[in-house]
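Me: I'd like to go through a structure with you, one bit at a time. Can you take my questions as they come?
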Amino acid sequence: MVTRLTTPLTDDAVAGVKAGDEVAITGILYTARDAAHNRMIETLRSGEKLPFDIKGQIIYYVGPTPPRPGQAIGSAGPTTSARMDPLTPPLLEAGLKGIIGKGGRSVAVREALQKYKAVYFAAVGGAGALLAGHIGKAEIVAYEDLGTEAIRMLHVEEFPAVVVNDIYGNDLLEQGKAEWRREVPLPG
Amino acid sequence: MREISATAVKETVAQLCQEANYYLPDDVRAALEGARKKEEAPRAQKVLDMVLQNAELAARNRVALCQDTGTCVVFLEVGQDVHIKGDLHKAIEDGVSKGYKTGYLRSSMVRQPFSKRLNTGDNTPAVIHTEIVAGERLKVTIMPKGGGCENMSRLVILKPGEGREGVINFVVRAVEESGGNPCPPVIVGVGIGGTADHVMYLAKRALLRKVGEHHPDPEVAELEQELLNKINATGIGPQAWGGRTTALAVNVESFPAHITALPVGVNLQCHSARFKTAEL
């Protein structure tokens, strides 16, 4: 079963999904990765306003390839989330409700997700050509000088992802490993 | 003595950069299809389906398989009877620049990585490995190497007494600790022997072998199979969402080592295992 989510995410929507759930997201995603995170954290530290209203929003960790003429965006799959771990809790505190990336998160991020009631999703890494098909429009909203790392507003439809960390402290990566681990390897 | 023009090298490199990024190699696709048939975890089956569908879409639309079009790693085999008319390394850099800029590929290289991190704008410089070989041909291989998997590389100099078991523990742990970061199912490149620098080169070069082909030395081939079985027993699975398919292959390259040392290097390759070769 696939849970349909629309942005901005409400507290009810966030409470309604659990680790392992498949979701299809429709609405707006904001792109940000390493360089944009550094700038946003600096902005928050200096007490200034972020370049977009982050409350209830989803950040997608992606640095797309340039679009061919007539396309909204190039290849656009998730990047490794762990690099953003130290920069994530302040954004959750500021009202961020969802994140899409790939791979696992630190204990500190998982605790912050529980504390601020937000969800960490993963999309399939290395499926950038496929995921781009769910993105109808892409507009730069901040840090244009960062090129692929600029903050973009993506209009997405039925964007496929799974819940990795929910607000209840569950972790899909731990669950998956526990379920499929073999103590004795199969031969061949 | 055969003469090859630098312009021919440049044009070949530009084309290889694009083809490597749009088209998944046949052996990798076949390995993914084989894994899909054997995979038991429903979520893992879906991931493998999406990855295969992604390869079809990328090829059809000439769009990068992955947005991370990598550091451009170049393997050159230069025949000792070849004369390059012009500057060989400049021809390669020019080819990478042209291939990435005209192919809608991402430029991911940043200058002065410890401070300003300014994007070079055309994905140069490439990382170039040059070998002089017999003959009068020039062989060029382009490997766009993504950051997610490259960043999970590991190096250790084991004590000789740690032996085969030490190697196995180190390699399996490297894959376990990498979790979903390198985009499993991965191809595991393992170098054994040589020096600290050479063992990492061996690990990377091991990734150029076709998926499913074992090392010709039966003892090395047996080590590869045991590593693959152990890695696929971890339960990590595609994207680390749980499953049987954590690695598609383990390729080991072994080289003699100093009497004091047992160097082991691990270089992971994501499922989007891209490379393309041409001979001039």
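Reply: What follows goes through the two-chain contact, then the domains of one chain, then the other chain on its own, and please keep in mind throughout that this is a predicted model.

Me: ok, so how many residues does each chain put into the contact?
Reply: Chain A contributes 46 residues to the contact, while chain B contributes 45 residues.

Me: and how much area do they bury, and what share is on carbon and sulfur atoms?
Reply: Between them, chain A and chain B bury about 3,700 Å², and carbon and sulfur atoms account for 56% of that area. On the chain B side, the residues that lose the most area to chain A are Gln67(B), Tyr104(B) and Trp241(B), which together make up 21% of what that side buries.

Me: how many salt bridges are there between the chains?
Reply: The count between chain B and chain A is four salt bridges. One of them joins Lys177(A) to Glu176(B), and in that pair the closest N and O atoms are 2.8 Å apart.

Me: what about polar contacts, how many residue pairs?
Reply: There are 23 residue pairs in polar contact between chain B and chain A, counting pairs in which both residues have a pLDDT of 80 or more.

Me: which elements of chain B give two or more residues to the side that touches chain A?
Reply: Those elements are α3, which covers residues 42-61 of chain B, and α8, which covers residues 218-232. The largest share of that side comes from α3(B), with 11 residues.

Me: how do the residues on that side divide into nonpolar, polar and charged?
Reply: On the side of chain B that touches chain A, 19 residues are nonpolar, 17 are polar and nine are charged.

Me: switching topic, what domains is chain B divided into?
Reply: Domain 1 of chain B is made of two stretches, 2-20 and 65-145, whereas domain 2 is the stretch 148-275. The C-alpha centres of these two domains of chain B lie 26 Å apart, and the contact between them takes 14 residues from domain 1 and 14 residues from domain 2.

Me: how much area is buried there?
Reply: Domain 1 and domain 2 of chain B bury about 1,200 Å² between them, with 63% of it given by carbon and sulfur atoms. On the domain 1 side, Phe75(B), Met143(B) and Lys145(B) supply 47% of the area buried against domain 2, which is more than any other three residues supply.

Me: Lys145(B)... which residue does its side chain meet in a salt bridge?
Reply: The side chain of Lys145(B) meets that of Glu150(B), at 2.8 Å from N to O. The count between the two domains of chain B is two salt bridges, and there are also five residue pairs in polar contact across that interface, again with both residues at pLDDT 80 or more.

Me: which element gives the most to the domain 1 side?
Reply: That is β7(B), which gives five residues to the side of domain 1 of chain B that touches domain 2.

Me: last one, chain A by itself: how many helices and strands?
Reply: Chain A has six helices and seven strands, and from the N terminus on they run β-α-β-α-β-α-β-α-β-α-β-β-α.

Me: and why would you say it's as compact as a globular protein of that length?
Reply: The radius of gyration of chain A is 16 Å, and the globule rule gives 16 Å for 188 residues, so chain A is as compact as a globular protein of that length. Along its principal axes, the C-alpha trace of chain A spans about 50 × 40 × 30 Å.

Notes:
Residues numbered from 1 in each chain as written. Chains lettered and ligands numbered in written order. Predicted model: local features only at pLDDT ≥ 70, side-chain atom pairs only at ≥ 80, totals over all residues. Heavy atoms only, no water. Contact = heavy atoms within 4.5 Å. Buried area = accessible area lost by both parts, 1.4 Å probe. Polar contact = N/O pair within 3.5 Å; in protein donor to acceptor, adjacent residues only side chain to side chain. Helix = DSSP H or I, 4+ residues; strand = E, 2+ residues; numbered from the N terminus. Nonpolar A, V, L, I, M, F, W, Y, C, P; charged D, E, K, R; others polar. Domains from an automatic or database assignment. Rg over C-alpha atoms; globule rule 2.2 N^0.38 Å.
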